[in-house]
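Biologist: I have the file open and a few things to ask. Can you go through it with me?
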Amino acid sequence: MSRIFTGTALSLTLLIIAFAGCQTATDTGTTTGQSDAHDHDHDHDHDHGPAGPNGGHTETFDQPGYTFEWIHDDTAQLVKIVILDESQKEAVAVAAESLTLTSNAGQEPQVFTLAAVSPDEEGKASAFETKDGALIVALGLGVDVSVEIDGTQYTKKIEPHNHDH
């Protein structure tokens with residue numbers, strides 16, 4: 001019993017420490033959780049890449065053609081992914097109803113579905129989002145992103161996202 005309690009307490013403590021200083025962004029490009037004077041030019045254990053048009057983290061899919069920006073608001077438990085052009089500057093509407101994030105950190109894979117936000121009359125959308133506290137935790141442990149665009153599966157592994165600030 002003591003082992004289980006100690007292991008659980010240690011795991012929760014590590015998760016709290018990992019996310020305590022994480023700067024979050026909203027879809028308006030403003031940041032929460034830290035002062036606006038926070039310049040983000042300090043050294044820590046991962047590379048954010050260039051900031052996206054909405055202030056989020058940018059990634060390049062493993063397949064050429066598209067990139068994406070991922071935004072998380074830990075307080076609101078919101079995760080949003082915006083499909084971008086290759087220059088990572090403009091949102092690109094794609095014909096996809098959803099995209100998935102898969103966490104393989106536990107004993108069983110956990111799949112999170114992000115639904116298209118405000119698709120146009122052709123069913124195209126550039127943003128996909130969900131509110132899920134478990135996904136906020138999973139982002140810290142690393143997830144696999146997957147979306148089908150025009151018959152091609154686009155994938156990318158988001159490495160564990162731990163902040164030290």
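Biologist: Which residue takes a positive phi in the hairpin of strand 9 and strand 10?

Modeller: Asp150, with phi near 50°. The hairpin has two residues between its strands. Bear in mind that this is a predicted model.

Biologist: How many bridges hold strand 9 and strand 10 together?

Modeller: Seven, and the pairing is antiparallel. In that ladder Asp144 sits opposite Lys157 of strand 10.

Biologist: And how does strand 9 pair with strand 6?

Modeller: Also in the antiparallel sense, over three bridges. There Thr100 stands opposite Ser146 in strand 9.

Biologist: Is strand 9 mostly covered or mostly open?

Modeller: Mostly covered, with five of its seven residues buried.

Biologist: What is the strand order of the whole sheet?

Modeller: It reads 3-4-5-8-7-6-9-10, an open sheet of eight strands with antiparallel pairing. Strand 3 (57-60) and strand 10 are the edges; each has a single partner strand, so one side of each has no neighbour in the sheet. On average, neighbouring strands are turned by 25° against each other, direction ignored.

Biologist: Which helix packs on the sheet, and what does it touch?

Modeller: Helix 2, which touches strand 4, strand 5, strand 6, strand 7, strand 8 (127-131) and strand 9. The direction of helix 2 makes about 115° with that of strand 7.

Biologist: Which residues of helix 2 are buried?

Modeller: Leu135, Ile136, Ala138, Leu139 and Gly140. As a rule, an α-helix has 3.6 residues a turn, so residues three or four places apart point the same way.

Biologist: What happens at the start of helix 2?

Modeller: A side-chain oxygen of Asp132 comes to within 2.8 Å of the backbone nitrogen of Ala134. Just after helix 2, Gly142 has a positive phi of about 100°.

Biologist: Now the core. How many residues are in the largest nonpolar one?

Modeller: It has 26 residues, and Ile83 and Leu101 have the most contacts inside it. The elements giving two or more residues to this core are strand 4 (67-73), strand 5 (78-84), strand 6 (98-103), strand 7 (110-116), helix 2 (133-141), strand 9 (143-149) and strand 10 (152-158).

Biologist: What does Leu101 touch, leaving out residues up to four places away in sequence?

Modeller: Val79, Ile81, Gln110, Val111, Phe112, Leu114, Leu135, Val143, Asp144 and Val145. Leu135 in that set is one of the buried residues of helix 2, and Asp144 is the residue opposite Lys157.

Biologist: Different topic: where is His72, and is the residue buried or exposed?

Modeller: His72 lies in strand 4. The relative accessible area of His72 is 3%, and the cut-off for buried is under 20%, so His72 counts as buried.

Biologist: What polar contacts does the side chain of His72 make?

Modeller: One is with the side chain of His57, at 3.3 Å. Another, of 2.9 Å, joins the side chains of His72 and Asp74.

Biologist: What about Gly123, where is that?

Modeller: In the loop between strand 7 and strand 8. Gly123 is partly exposed because its relative accessible area is 32%, in between the 20% and 50% cut-offs.

Biologist: Which residues does Gly123 touch, beyond those up to four places away in sequence?

Modeller: Val94, Ala95 and Ala96. Gly123 and Val94 are 29 residues apart along the chain, and their C-alpha atoms are separated by 8.1 Å.

Biologist: What is the mean pLDDT of the chain?

Modeller: The mean is 78, and 67% of the residues reach 70 or more. Over residues 1-46 the pLDDT is below 50, and this stretch has 58 contacts in the model beyond near neighbours in sequence.

Biologist: Last one: how many helices and strands are there overall?

Modeller: Two helices and ten strands. From the N terminus the elements run α-β-β-β-β-β-β-β-β-α-β-β. Of the 165 residues in the chain, 38% are buried. Among contacts between residues at least 6 apart in sequence, 52% join residues at least 24 apart.

Key
Residues are numbered from 1 along each chain as its sequence is written. This is a predicted model: local features need pLDDT of at least 70, side-chain atom pairs count only at pLDDT 80 or more; totals for chains, interfaces and linings use all residues. Side-chain values use heavy atoms; hydrogens and water are left out. A nonpolar core is a set of buried Ala, Val, Leu, Ile, Met, Phe, Trp, Tyr and Cys residues joined through side-chain atoms within 4.5 Å. Buried means under 20% relative accessible area, exposed over 50%, partly exposed in between (1.4 Å probe, protein chains only). Helices (H or I, at least four residues) and strands (E, at least two) are DSSP runs, numbered from the N terminus. Contact means heavy atoms within 4.5 Å. pLDDT is the predictor's confidence in each residue, from 0 to 100. Two strands pair if DSSP finds at least two bridges between them. Axes are lines fitted to C-alpha atoms, for helices over the stretch in contact, and angles run from 0 to 180 degrees between N-to-C directions. A polar contact is a pair of N or O atoms within 3.5 Å; within protein, one must be able to donate a hydrogen and the other to accept it, and residues adjacent in sequence count only if both atoms are side-chain atoms.
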